[in-house]
Amino acid sequence: MTSLVAVEGARDEIRKPQTDHRIYRHTTLPNGLTALLISDPAIKAPTKAPRGPAGCFSCFGKNAASDIEEPDDGDTKTCNAAGALAVGVGNLSDPEDLQGCAHFVEHMCFLGTKTFPDENGWSKFLAQHGGNHNAETHGELTVYYFDVHPHYLEPALKRFGSFFTAPLFKKSGTAREVKAINNEFELTTQRDTWISQQLLAHLTL
């Protein structure tokens, strides 16, 4: 059994189970990016934002405290907010003479951007605010995702978005990430799913 949920501003309605009480909104941004927004009203909203190891909102700059409201007290235990972006390019798009290229790009995107140049800035930011991140390169998709305390979702999205608009691709990290990618490859060479994916890749070249 499914029920139809009308979504304002979307061409089509979103189908979901009647037991799903989350709120969905499908929208297309001015740049053409398609987004799905999900909110769960059953989750208790946090009343206090956690402070990072530096003692305040140091990682946002000198005006950070005025950007985020922090109530005086309350329960800090809450579900994290999360975001993800799927890029329609995966390892099946790798050039024949440059296998692993899509996976390499996935790694390099995390190593600093024009707006946030610190190579470890993203990891530090999430660690300070109860979050984590990862990415996966598949045959036809590369998916990037993260979670963070809800009070820090907006600044997290600014950092996350800059991976795809202004990555630095620093030369200093190239050799290290190539080695990391090769190590991951060596660990998967005996897995049937990976072998079948490699066969498919060669058939499509």
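**Exercise 1: the second largest pocket**

The second largest pocket has a volume of about 750 Å³; work out which residues line this pocket and where they come from.

*Solution.* Before you start, note that this is a predicted model, so local features need pLDDT of at least 70 and side-chain atom pairs pLDDT 80 or more, while totals for chains, interfaces and linings use all residues. Residues are numbered from 1 along each chain as its sequence is written, and side-chain values use heavy atoms, without hydrogens and water.

- Step 1. Pin down the words: on a 1 Å grid over the protein atoms alone, a pocket is an open set of points with protein on both sides within 12 Å along at least five of seven lines, a cavity is a set where a 1.4 Å probe fits but cannot get out, and lining residues have an atom within 4 Å of a point. Volume is the space filled by probe spheres set on the points, which are joined across faces, edges and corners.
- Step 2. Go to the middle: 27 residues line the second largest pocket, and N91, H103, I181, F185 and W194 are the closest to its centre.
- Step 3. Trace the elements (DSSP runs numbered from the N terminus: helices, H or I, of at least four residues; strands, E, of at least two). At least two lining residues come from each of α2 (101-109), β6 (132-137), α5 (174-188) and α6 (192-204). Helix α5 gives the largest share, with seven residues.
- Step 4. Sort by class (nonpolar: Ala, Val, Leu, Ile, Met, Phe, Trp, Tyr, Cys, Pro; charged: Asp, Glu, Lys, Arg; polar: the others, Gly among them). You get ten nonpolar, twelve polar and five charged residues for this lining.

**Exercise 2: around Q197**

Which residues does Q197 touch, leaving aside its neighbours within four places in sequence?

*Solution.*

- Step 1. Look in helix α6, where Q197 sits.
- Step 2. Check for contacts (heavy atoms within 4.5 Å). Beyond those neighbours, Q197 meets N91, L92, H138 and G139.
- Step 3. Take N91 from that set. Along the sequence N91 and Q197 are 106 residues apart, yet C-alpha to C-alpha they are 9.1 Å apart in space. You've already met N91 as one of the residues closest to the centre of the second largest pocket.

**Exercise 3: α2 against α5**

Describe how α2 and α5 pack.

*Solution.*

- Step 1. Compare the axes (lines fitted to C-alpha atoms over the stretch in contact, with angles from 0 to 180 degrees between N-to-C directions). The axes of α2 and α5 lie 10 Å apart, at an angle of about 125°.
- Step 2. Name the arrangement (under 35 degrees is roughly parallel, over 145 roughly antiparallel, 65 to 115 roughly perpendicular, the rest oblique). The two helices, α2 and α5, are therefore oblique to each other.
- Step 3. List who meets whom: on the α2 side it's H103, F104, H107 and M108, and on the α5 side T174, E177, V178, A180, I181 and E184. That contact has five nonpolar, three polar and two charged residues.

**Exercise 4: α3, α4 and a cavity**

Describe the packing of α3 with α4, then find what lines the largest cavity.

*Solution.*

- Step 1. Helix α3 (residues 121-128) and helix α4 (residues 153-165) have axes that come within 11 Å and cross at roughly 160°. So α3 and α4 run roughly antiparallel to each other.
- Step 2. G121, W122 and F125 of α3 make the contact with P155, A156, R159, F160 and F163 of α4. Six of these residues are nonpolar, one is polar and one is charged.
- Step 3. Now count: there is one cavity of 30 Å³ or more. The largest cavity has a volume of about 60 Å³.
- Step 4. Its lining is F110, G112, T113, F116, D118, E119, G121, W122, R159, S162 and F163. Helices α3 and α4 each supply at least two of them, and α4 has the largest share, three residues.
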